[in-house]
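Reader: I'm new to looking at protein models, and I'd like a close look at one part of this one. Could you walk me through how the helices sit against each other and what goes on around that spot?

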Amino acid sequence: MNRKETLELLIEIEEAIEHFETRIDNAEWSNAWGLGSEFSNIAKKNTHNIIIYGMCIGRLNERFTKQLNKLK
C-alpha cells in the first residue's frame, strides 16, 4: 500500500468514525427527547446501540492509529 492509498484509507476511517458519532448523538437525543423517552424498549435498544457504536469507534481508532504509524 503506497502513501496515497494509506492517506485515502485514513480519510475513510475518519468518515466512518464521524458516522458512528452521529448515530450515537441521534440515539442519545431519542432517549432524551424522542420515542426513547416514551417507550422503555426503544430506550433500551438505543442504549445498547450506543454501546455497540462506541465499540465500533474504538476499533476504528485502533485501525486509524495502525495506519498512521505505517506512514512514519
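Author: Sure, and keep in mind that this is a predicted model. Let's begin with something easy to find: searching the whole structure turns up one salt bridge. The partners are Arg59 and Glu62, and their closest N and O atoms are 3.5 Å apart. That fits the bill because a salt bridge needs a side-chain nitrogen of Lys or Arg within 4 Å of a carboxyl oxygen of Asp or Glu. Both residues belong to helix α3, and they are three residues apart, about one turn of the helix. How exposed is Arg59? Its relative accessible area is 47%, so Arg59 is partly exposed, since you'd need over 50% to be called exposed.

Stay on the same helix and look for Met55, which sits in α3, the helix that covers residues 40-71. Met55 has a relative accessible area of 51%, so it does count as exposed. If you compare Met55 with Ile11, you'll find them 44 residues apart in sequence, with 19 Å between their C-alpha atoms.

Now for how the helices sit together. Two packed helices are described by the angle between their axes and the distance between the axes. Here the pair is α1, made of residues 3-32, and α3: the angle is about 160 degrees and the axes are 9 Å apart. Angles over 145 degrees count as roughly antiparallel, so α1 and α3 are roughly antiparallel to each other. As for handedness, α1 passes α3 in a left-handed crossing. Sort the residues in the contact of α1 with α3 by class and you get 19 nonpolar, eight polar and six charged ones.

Next, have a look at the largest nonpolar core, which has ten residues. Going along the sequence, these are Leu9, Ile13, Ile17, Phe20, Ile24 and Ala27, then Ile50, Tyr53, Ile57 and Leu60. At least two residues of this core come from each of α1 and α3, but α1 gives the most, with six residues.

Last stop: Asn31, another residue of helix α1. Is Asn31 buried or partly exposed? Its relative accessibility is 22%, so Asn31 counts as partly exposed; to be buried, a residue has to be under 20%. Try picking out Lys45 as well: Asn31 and Lys45 are 14 residues apart in sequence, and their C-alpha atoms are 9.7 Å apart in space.

Methods:
Residues are numbered from 1 along each chain as its sequence is written. This is a predicted model: local features need pLDDT of at least 70, side-chain atom pairs count only at pLDDT 80 or more; totals for chains, interfaces and linings use all residues. Side-chain values use heavy atoms; hydrogens and water are left out. Helices (H or I, at least four residues) and strands (E, at least two) are DSSP runs, numbered from the N terminus. Buried means under 20% relative accessible area, exposed over 50%, partly exposed in between (1.4 Å probe, protein chains only). Axes are lines fitted to C-alpha atoms, for helices over the stretch in contact, and angles run from 0 to 180 degrees between N-to-C directions. Angles under 35 degrees count as roughly parallel, over 145 as roughly antiparallel, 65 to 115 as roughly perpendicular and the rest as oblique. A crossing is left-handed if the near helix is turned anticlockwise from the far one by less than a right angle, and right-handed if clockwise. Ala, Val, Leu, Ile, Met, Phe, Trp, Tyr, Cys and Pro count as nonpolar, Asp, Glu, Lys and Arg as charged, and the others, Gly among them, as polar. A nonpolar core is a set of buried Ala, Val, Leu, Ile, Met, Phe, Trp, Tyr and Cys residues joined through side-chain atoms within 4.5 Å.
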